[in-house]
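This report goes through the packing, the strand pairing and the charged pairs of one protein chain. The sequence and the coordinates come first.

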Amino acid sequence: MVRIATILALILTLAQPADAQQRANQLFGAKATGSQQDPHAIGTYAKGCGAGLVQLPETGPTWQAMRLSRNRNWGHPEALRFIQDLSREATRYGWAGLYIGDISQPRGGPMTSGHSSHQIGLDIDIWMLPPQRLNLSRRERENISSISVRTDDQRSINRNWTPAHHQILKAAASDNRVDRIFVAAAVKIEMCRTATRSDRNWLQKIRPLYGHNTHFHVRLKCPRGNRLCKTQTPTVRELSKGGDGCDETLTWWVTDYLRPPDPNAPKTPAAPRRSVRDYTMSDLPRQCQNVLASR
């Protein structure tokens with residue numbers, strides 16, 4: 001009876017004009033648990049949802065989930081397996097494991113705050129802070145902060161960066177499940193500088209992106225059999241054409257990108273861009289309606 005009422009309410013919502021519909025992030029943000037469905041990533045990383053997502057245990061042998069109050073430690077089973085594997089690998093380089101930030105909401109979808117991606121259970125934020133211990137209390141996990149590994153001017157790494165960071169990122173990028181990893185531009189430049197000449201193919205997956213100085217963001221490929229999932233195109237291999245991404249485009253991030261704007265340059269009005277937080281259910285794949293309605 002409850003299921004029928006939920007479906008009817010959802011149908012009535014979708015029948016309204018788009019501007020009158022409830023925002024999708026409010027609907028997905030209200031769900032406290034995953035759907036009782038087979039695991040499936042649906043749609044794209046920034047416009048989709050996740051069926052049958054699984055909650056990462058708050059604490060494991062080599063990891064801890066952070067900011068538990070957000071309830072964003074849910075992901076596709078493939079993402080959870082990756083976290084467990086990479087956190088074990090991190091212990092080879094002197095870390096106790098990994099501190100895990102946001103993955104997805106219990107049913108994915110647009111979030112009420114923060115990310116525009118992380119919607120299908122395949123995006124994982126991993127802190128740059130090397131864990132000293134893996135028995136932090138819930139309160140400690142709310143108050144502790146990660147560390148930045150780049151200078152304030154964004155042009156180079158700082159003293160927080162270590163060879164272990166390099167090795168852990170290399171291990172993540174060398175994993176066939178990974179599509180790309182977002183880091184601060186200074187990190188990419190440093191890794192390009194220090195990687196050996198004979199072992200650089202994995203570097204193509206390391207992508208510079210603002211806002212990633214205190215964590216790195218791993219994005220997994222669509223798992224096999226998830227036919228409703230859309231991996232980004234072009235793929236890493238097509239985009240790089242076999243290169244490592246260490247070219248003049250990267251240098252642009254710490255030259256032209258950071259250069260103060262010319263006050264005399266003509267100003268071109270920015271094209272209006274719709275926020276993910278304004279999405280309604282009609283913006284998402286139709287299968288996301290079933291994810292919301294499921295028990």
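The text below treats the nonpolar cores, then one strand and one helix, then the surface patch and the salt bridges. The model is a predicted one.

**Nonpolar cores**

The largest nonpolar core has 52 residues, and the members that touch the most others are Ile 100, Ile 124, Leu 169, Ile 181, Ile 206, Phe 216 and Val 218. Two or more residues each come from the strands β5 (63–65), β7 (98–100), β8 (123–127), β9 (178–183) and β11 (215–220), and from the helices α3 (77–90), α5 (163–173) and α6 (185–194). Of these elements, α3 contributes the most, with 6 residues. A second core is separate and holds 13 residues, among them Ala 24, Cys 49, Val 276 and Tyr 279.

**Strand β11 and its partners**

How many residues of β11 are buried? The count is 6 of 6, and the strand is mostly covered. In a regular strand, side chains alternate between the two faces of the sheet. On one side of β11 are His 215, His 217 and Arg 219, while Phe 216, Val 218 and Leu 220 point the other way; all are buried.

Strand β11 runs antiparallel to β8, with 5 bridges joining the two. Asp 123 has Arg 219 of β11 as its bridge partner. The pairing of β11 with β9 is also antiparallel and has 4 bridges. Here Phe 182 is matched with His 217 of β11.

Phe 216 shows what packs around this strand. Apart from neighbours within four places in sequence, Phe 216 is in contact with residues that include Leu 86, Ile 124, Trp 127, Met 128, Ile 168, Leu 169 and Ile 181. Its contacts also include the charged residue Asp 125.

**Helix α5**

Two of the Phe 216 contacts, Ile 168 and Leu 169, are buried residues of α5. The others buried in this helix include His 165, His 166 and Ala 172. The cover over the buried part of α5 includes the helices α3 and α6 and the strands β7, β9, β10 and β11.

**Surface patch**

Tyr 210, Trp 252 and Tyr 257 make up a nonpolar surface patch, and together they have about 350 Å² of accessible area. Tyr 210 sits in the loop between β10 (206–208) and β11. Because its relative accessibility is 58%, Tyr 210 counts as exposed.

**Salt bridges**

There are 16 salt bridges in the structure. Three of them are listed here.

| Acidic residue | Basic residue | N to O distance |
|---|---|---|
| Asp 278 | Arg 23 | 3.3 Å |
| Glu 140 | Arg 133 | 2.5 Å |
| Asp 179 | Arg 180 | 2.5 Å |

The bridge between Asp 278 and Arg 23 links distant parts of the chain, 255 residues apart. Asp 278 is in the loop between α8 (248–252) and α9 (287–293), and Arg 23 in the loop between α1 (2–14) and α2 (24–29). Both ends are partly exposed: Asp 278 has a relative accessible area of 31%, and Arg 23 has 44%.

Glu 140, at 30% relative accessibility, is partly exposed, and Arg 133, at 35%, is partly exposed. Are Arg 180 and Asp 179 buried or exposed? Arg 180 is buried because its relative accessibility is 7%, and Asp 179 is buried at 3%.

Salt bridges also form a network that links Glu 78, Arg 81, Asp 85, Arg 88, Asp 175 and Arg 177.

Terms used: Residues numbered from 1 in each chain as written. Predicted model: local features only at pLDDT ≥ 70, side-chain atom pairs only at ≥ 80, totals over all residues. Heavy atoms only, no water. Core = buried A, V, L, I, M, F, W, Y, C linked by side-chain atoms within 4.5 Å. Buried < 20%, exposed > 50% of the residue type's maximum accessible area, 1.4 Å probe, protein only. Contact = heavy atoms within 4.5 Å. Patch = residues over 30% accessible without salt bridge, like charges linked within 9 Å, V, L, I, M, F, W, Y side chains within 5 Å. Areas by Shrake-Rupley, 256 points an atom, 1.4 Å probe, with all protein chains shown as cover. Salt bridge = Lys/Arg side-chain N within 4 Å of Asp/Glu carboxyl O. Pairing = 2+ DSSP bridges.
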